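This report covers strand pairing, the nonpolar core and the salt bridges of one model. The structure is shown first.

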Amino acid sequence: EWGTAAGGYYTITVTAATHGIGSNPVCKVQELSGSDFIDVDPDRIYTYANGDISFRVPETPDLRFAGRIIIS
């Protein structure tokens, strides 16, 4: 869920405890288009030293989308 915008952006965070990959994850973000997934580049993807991953999209224009994040 995108939740509420803050500072002009919507952000989703996946913690290292949730993904279980450790502190050096690799991620890909994909948007759902019909029944297919298309690779997309959010405004910014952060990979923190502790392994948490956050990605964000602008509030204006509203660029939220349905999709998935692949973490390996």
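## Hairpin of strands 2 and 3

In this predicted model, Gly 34 takes a positive phi near 70° in the hairpin of strand 2 and strand 3, which has 2 residues between the strands. Strand 2 covers residues 27-33 and strand 3 covers residues 36-40; the two pair in the antiparallel sense over 5 bridges. Among the bridge partners, Ser 33 is matched with Asp 36 of strand 3, and Val 29 is matched with Val 40 of strand 3.

## The three-stranded sheet

The hairpin strands belong to an open sheet of 3 strands, in the order 3-2-6 and with antiparallel pairing. Strand 3 and strand 6 (67-71) stand at the edges; each has a single partner strand, so one side of each has no neighbour in the sheet. From one strand to the next, the twist averages 35°.

Strands of a sheet pair through backbone hydrogen bonds, in either the parallel or the antiparallel sense.

## Strands 1 and 5

Another antiparallel pairing joins strand 1 and strand 5, over 6 bridges. Within this pairing, Thr 11 has Arg 56 of strand 5 as its bridge partner.

The side chains of strand 1 alternate in direction. Tyr 10, Ile 12 and Val 14 point to one face and are buried, while Tyr 9, Thr 11 and Thr 13 point to the other face and are not buried. In a regular strand, side chains alternate between the two faces of the sheet.

## Nonpolar core

Which residues make up the largest nonpolar core? The core has 8 residues: Trp 2, Tyr 10, Ile 12, Val 29, Val 40, Phe 55, Val 57 and Phe 65. Strand 1 (9-14) and strand 5 (53-58) each supply at least two residues of this core. The bridge partners Val 29 and Val 40 are also among the core residues.

Phe 65 is in contact with Trp 2, Val 29, Gln 30, Glu 31, Val 40, Phe 55 and Val 57, leaving aside its neighbours within four places in sequence. In soluble globular proteins, nonpolar side chains tend to be buried together.

## Salt bridges

How many salt bridges does the structure hold? There are 3 salt bridges in the structure. Side chains of opposite charge can pair when their charged atoms come close.

One of them joins the side chains of Lys 28 and Asp 39, at 4.0 Å from N to O. This pair links distant parts of the chain, with Lys 28 in strand 2 and Asp 39 in strand 3, 11 residues apart. Lys 28 has a relative accessibility of 39% and therefore counts as partly exposed; Asp 39, at 48%, also counts as partly exposed.

## Arg 56 and Arg 64

Arg 56, the bridge partner of Thr 11, forms a salt bridge with Asp 43, and their closest N and O atoms are 2.6 Å apart. The pair links distant parts of the chain: Arg 56 lies in strand 5, and Asp 43 lies in the loop between strand 3 and strand 4 (44-47), 13 residues apart. Is Arg 56 buried or exposed? Arg 56 has a relative accessible area of 14% and so is buried, whereas Asp 43 is partly exposed at 38%.

Arg 64 forms a salt bridge with Asp 62, with the closest N and O atoms 2.6 Å apart. Asp 62 has a relative accessible area of 40% and is partly exposed. Arg 64 also counts as partly exposed, at 37% relative accessibility.

Definitions and conventions: Residues are numbered from 1 along each chain as its sequence is written. This is a predicted model: local features need pLDDT of at least 70, side-chain atom pairs count only at pLDDT 80 or more; totals for chains, interfaces and linings use all residues. Side-chain values use heavy atoms; hydrogens and water are left out. Two strands pair if DSSP finds at least two bridges between them. Helices (H or I, at least four residues) and strands (E, at least two) are DSSP runs, numbered from the N terminus. Axes are lines fitted to C-alpha atoms, for helices over the stretch in contact, and angles run from 0 to 180 degrees between N-to-C directions. A nonpolar core is a set of buried Ala, Val, Leu, Ile, Met, Phe, Trp, Tyr and Cys residues joined through side-chain atoms within 4.5 Å. Buried means under 20% relative accessible area, exposed over 50%, partly exposed in between (1.4 Å probe, protein chains only). Contact means heavy atoms within 4.5 Å.
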